[in-house]
Amino acid sequence: MIKVENLSRSYGSVKALDSVSFTASVGQITAFLGPNGAGKTTAFKILSGYLAQDSGSVFIGGMDASLHPLQCRAMTGYLPENNPLYEDMEVCEFLVWGGAARGLCGQALASALDRVVQTCGLAPAAGKPIGALSKGFRQRVGIANALIHSPKILLLDEPSSGLDPNQAAELRGLIRNLSHETAVLLSTHILSEAQALCDKVVLINRGVIAVQGTPQELARAKAPVLIAVFEQEAPASVQEAIAGLEGVSAVERDREAEDIVLRIYCVQGADLRGEVFALAARSGWPLLELKRERDWLEAMFRELTA
Amino acid sequence: MNSGFRKLRVFGALCSKELAHYFYSPAAYLVAAGFLLVSGYLFSVPFFLLNQASVRGFFEGAPLLMTFVVPAVTMRLFAEEFKSGTAELLLTLPVPEWQILLAKTGAAFCVVCAMLCPTVVYPVTVAFLGNIDGGAVLCSYAGLALLGLMLSCIGVFASACARNQITAFITGFLLCFAFFMAGKAVPFLSGLLGNAAAFIGFDAHMDAFARGVADSRDVLYFLSVSALFLYFSLLRLWRRPLG
């Protein structure tokens, strides 16, 4: 549904995007990750039709966005970064305007309004001025405006920024529901959110795609890391002993922890939990905890964007 | 046909949002009140102090007053959108930029015309007390409306170039004032320069309307300057200044 080929864009001498290529399909949530200034927002602005690229192509629903900008914009719903809204308008007034400006009218507009108010849980705020809404409701209004014309593509630039954990969880549920009929592309800084929610991850750094794939593919590609926690009574030599196991590439100790907390870096494809447990049992070291590191995406993010 | 109606509805939605903003905004009422206060002064000085039943004072002073008032009406149109980031909502709608531009300019022009409407009370008052040349008054209003359109287009361009309303207002005022001053500078210039200043300034073009003559060349002048600044604004929108 979205196909981006060799997309490049510069601001003066600064290259914001450099030959970026990726695809996103209907029924799939794609996370666009990267540090600040990586080029995520520039990519979203180009995909939404706000900015033009210097080179490369964007295809939306099979149509070249440079040749058919209006048709492509009609298929796209966009929640910009910081969620700009017309503060002086009331929620329903704003959504009606958003629908009418996209060519909806009469019964079609009324049912679209009902649908987005219900989908986004906006009924309690429907008659209120946007300027008087909480951050969570404002975010919902922005998403409702992006959805009013039933777009095939939904671009959400940091949708959960500034939301409390409850609001963020509700928003994740909403995005998951929307993804059944829409290609959702979202940019986020919350890596756990991307890991839990997304079917595909595109990691961008300094305008270049560092890595992309499904979470499973990326997890497989990432060398596993084990976290082992020993009681304080265990000897200091435990670190050296584990480092000596076959398949261990490095062992780091967390010096700030009270117990002996070790990060065990394994070679690609190795699962050494059994070996570490057996070693601890043989040596009589009290092993309190042994697990695979779950926030592998954060580790990958740090590794690729540092 | 359907597509034409759809485009018209979309244009109506864009235009009515701008108009609603003007009519809900206290700033628009303040600007209108200021305009009516000063225009009332221009009318009443000869009327009460010189005992002249004439609207000449108003029609002579209104163009200068409009160079100040119209940029105040238009300053918000794009500058505020770029500042608040809502330009991203507006310019990613499936609507061509020229349609957005025309909707905003049209709304500003409507507000300028709405501000001119209450001033009809001046010629009506004069008509009750003495003789008035109805044709000249009608032509003068047509001239003011055309001037309002031209200044609106200049103001919209200034707003499209700025990221805050004050900058948009000052730029718009300076541009409008330059067109006013070009006409006033004609007596001090000679030859080609004088002719050029007379053509560029709107003074000479307004004089014809004030005499009751609606010359097509003058109409063309106002329409062509308006079109030129609309085109400049469109170029600016295509460049998409980042908010």
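The paragraphs below go through the salt bridges, a sheet in chain A and the interface between chains A and B.

This is a predicted model, in which local features need pLDDT of at least 70 and side-chain atom pairs count only at pLDDT 80 or more, whereas totals for chains, interfaces and linings use all residues. Residues are numbered from 1 along each chain as its sequence is written, chains are lettered from A and ligands numbered from 1 in the order in which they are written, and side-chain values use heavy atoms, with hydrogens and water left out.

Side chains of opposite charge can pair when their charged atoms come close. Over all chains the structure holds 17 salt bridges, a salt bridge being a side-chain nitrogen of Lys or Arg within 4 Å of a carboxyl oxygen of Asp or Glu. One of them joins Arg172(A) to Glu193(A), with the closest N and O atoms 3.2 Å apart. This pair links distant parts of the chain, since Arg172(A) belongs to helix H6 (residues 165–178) of chain A and Glu193(A) to helix H7 (residues 191–197) of chain A, 21 residues apart; helices (H or I, at least four residues) and strands (E, at least two) are DSSP runs, numbered from the N terminus. Arg172(A) is partly exposed at 23% relative accessibility, while Glu193(A) is buried at 4%, where buried means under 20% relative accessible area, exposed over 50%, and partly exposed in between (1.4 Å probe, protein chains only).

In chain B, Lys17(B), Glu18(B), Arg76(B), Glu81(B) and Lys104(B) are linked in a network of salt bridges. Within this network, Glu18(B) meets Lys17(B) at 2.9 Å, N to O, and Lys104(B) at 2.8 Å, N to O. The pair of Lys104(B), in helix H6 (residues 97–116) of chain B, and Glu18(B), in helix H1 (residues 2–24) of chain B, links parts of the chain that are 86 residues apart. Glu18(B) is buried at 2% relative accessibility, Lys17(B) is buried at 9%, and Lys104(B) is buried as well.

Chain A also contains an open sheet of four strands, in the order E12-E13-E11-E14 and with antiparallel pairing, two strands being paired if DSSP finds at least two bridges between them. Strands E12 (248–254) and E14 (287–292) of chain A stand at the edges with a single partner strand each, so one side of each is left without a neighbour in the sheet. From one strand to the next, the twist averages 20 degrees. E12(A) pairs with strand E13 (residues 260–266) of chain A over six bridges, and the bridge partner of Arg253(A) in E13(A) is Leu262(A). Helix H10 (residues 273–283) of chain A lies across strand E11 (225–230), E13 and E14 of chain A, running at about 170 degrees to E14(A); axes are lines fitted to C-alpha atoms, for helices over the stretch in contact, and angles run from 0 to 180 degrees between N-to-C directions.

Between the chains, 25 residues of chain A are in contact with 27 residues of chain B, contact meaning heavy atoms within 4.5 Å. Together they bury about 2,400 Å², 64% of it on carbon and sulfur atoms, where buried area is the accessible area (1.4 Å probe) that two parts lose on being put together, summed over both. Two salt bridges are counted between chain A and chain B, including Arg73(A) with Glu97(B), whose closest N and O atoms are 3.3 Å apart. On the side of chain A that touches chain B, the elements giving two or more residues are helix H1 (40–48), helix H2 (69–74) and helix H3 (91–100) of chain A, and H3(A) gives the most, with four residues.
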